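Okay, thanks for having me, everyone. I'll put the structure up and then walk you through it piece by piece.

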Amino acid sequence: MACYVVAIIIAVFLVITTGQALGSDFVSFLTGASLIKVGEGNHLYEFPIQLAYQQKILQPFNLNLANHEVKLLPYLNLPVFALLYIPFTYMPFLIAYKLYVILLTGVLFIVGLVASKIFRNLSIYSIWPFIPFIYYPSI
């Protein structure tokens with residue numbers, strides 16, 4: 001199992017690119033967390049303010065947004081959900097995204113292990129612990 005964990009961490013840090021991170025929901029989650037972190041939680045669902053904060057997050061990537069119609073990845077979740085992402089606002093964007101993916105991958109693995117414990121009739125060497133990884137592309 002230790003080899004599995006090390007392999008996942010290495011794969012995430014070597015394979016995940018900035019393009020994948022920029023196109024993910026993580027951008028909107030980080031936008032919501034950034035608003036709450038600076039005390040702008042009362043403006044959490046105002047799209048122009050979200051767009052301004054999202055542009056600050058994406059600014060280091062030189063996306064040349066000035067000449068393009070900027071599309072907002074809006075934060076639409078509950079405010080309490082954004083609180084969970086505040087620790088990621090203290091990290092560089094790509095590192096934060098990679099840690100987020102590792103965390104979610106760990107959750108998927110734990111769900112698989114719990115499922116294999118609940119369904120004891122299945123073999124211990126079955127693929128149960130890996131079935132939740134069907135959802136990996138949605139991370």
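Let's begin with the surface. The chain has an accessible surface of about 8,900 Å², and 70% of that belongs to carbon and sulfur atoms. Please keep in mind that this is a predicted model. Buried residues make up 31% of the 139 residues in the chain.

On to the fold. There are six helices and zero strands, so if you read the elements from the N terminus on, you get α-α-α-α-α-α. As for contacts, take the ones between residues at least 6 apart in sequence: 67% of them join residues at least 24 apart.

Now let me zoom in on helix 3. Helix 3 has twelve residues, and from its first C-alpha to its last it reaches 16 Å, close to the 16 Å expected at 1.5 Å a residue. How many of its twelve residues are buried? Ten of them, so helix 3 is mostly covered. If you want to find them on screen, the buried ones are Phe26, Val27, Ser28, Phe29, Leu30, Thr31, Gly32, Ala33, Ser34 and Leu35. And what covers them? The cover includes helix 2, helix 4, helix 5 (79-83) and helix 6.

Let's look at what sits on either side of that helix. Ser24 is in the loop between helix 2 and helix 3. Buried or exposed? Ser24 has a relative accessible area of 9%, and the cut-off for buried is under 20%, so Ser24 counts as buried. Leaving out residues up to four places away in sequence, Ser24 touches Leu73 and Tyr97.

At the other end, just after helix 3, Gly39 takes a positive phi of about 85 degrees. A bit further along we get to Asn42, in the loop between helix 3 and helix 4. Asn42 is exposed, because its relative accessible area is 60% and the cut-off for exposed is over 50%. Pro79 is 37 residues away from Asn42 along the chain, and their C-alpha atoms are separated by 9.8 Å.

Next up, helix 4, which covers residues 47-58. Here's a quick check on its geometry: at 1.5 Å a residue, its twelve residues should span 16 Å, and the end C-alpha atoms are 16 Å apart, so that agrees. Which residues of helix 4 are buried? Those are Gln50, Tyr53, Gln54, Ile57 and Leu58. They cover an arc of only 140 degrees around the axis, so they're on the same side of helix 4. That buried set packs against helix 2 (18-22), helix 3 (26-37) and helix 6 (93-118). Flip to the face turned away from the buried side, and you'll find the exposed residues Pro48 and Lys56. Lys56 also lies over the face of Tyr53, at 4.5 Å from the ring centre.

Since I've mentioned a ring, let's do the aromatics. A search of the whole structure finds 13 aromatic pairs. Ring pairs link Phe26, Phe29, Phe81, Tyr85, Phe88, Phe93, Tyr97 and Tyr100 into a cluster. You've met some of those names already: Phe26 and Phe29 are among the buried residues of helix 3, and Tyr97 is one of the residues that Ser24 touches. There's another lysine over a ring, too: the charged end of Lys37 sits over the ring of Tyr90, 4.1 Å from its centre.

Last stop is helix 6, and I've picked two residues there. Ala96 lies in helix 6, and at 0% relative accessibility it counts as buried. What does Ala96 touch, not counting residues up to four places away in sequence? Phe26, Phe88 and Met91. Phe26 and Phe88 both belong to the aromatic cluster I just listed. Ala96 and Leu30 are 66 residues apart along the chain, with their C-alpha atoms separated by 9.4 Å.

The other one is Gly106, also in helix 6. Gly106 is partly exposed, with a relative accessible area of 27%. Gly106 and Val5 are 101 residues apart in sequence, and 8.3 Å apart in space, C-alpha to C-alpha.

That's my tour. Happy to go back to any part of it.

Conventions
Residues are numbered from 1 along each chain as its sequence is written. This is a predicted model: local features need pLDDT of at least 70, side-chain atom pairs count only at pLDDT 80 or more; totals for chains, interfaces and linings use all residues. Side-chain values use heavy atoms; hydrogens and water are left out. Helices (H or I, at least four residues) and strands (E, at least two) are DSSP runs, numbered from the N terminus. The expected span of a helix is 1.5 Å times one less than its number of residues. Buried means under 20% relative accessible area, exposed over 50%, partly exposed in between (1.4 Å probe, protein chains only). The arc is that of the directions from the helix axis to the C-beta atoms. Contact means heavy atoms within 4.5 Å. Rings of Phe, Tyr and Trp (its six-membered ring) pair if their centres lie within 6.5 Å; planes under 30 degrees apart count as stacked, over 60 as edge-to-face and the rest as tilted. A charge sits over a ring if NZ of Lys or CZ of Arg is within 6 Å of the ring centre and within 35 degrees of the ring normal. Accessible areas come from the Shrake-Rupley method with a 1.4 Å probe; for residues, only the protein chains shown count as cover.
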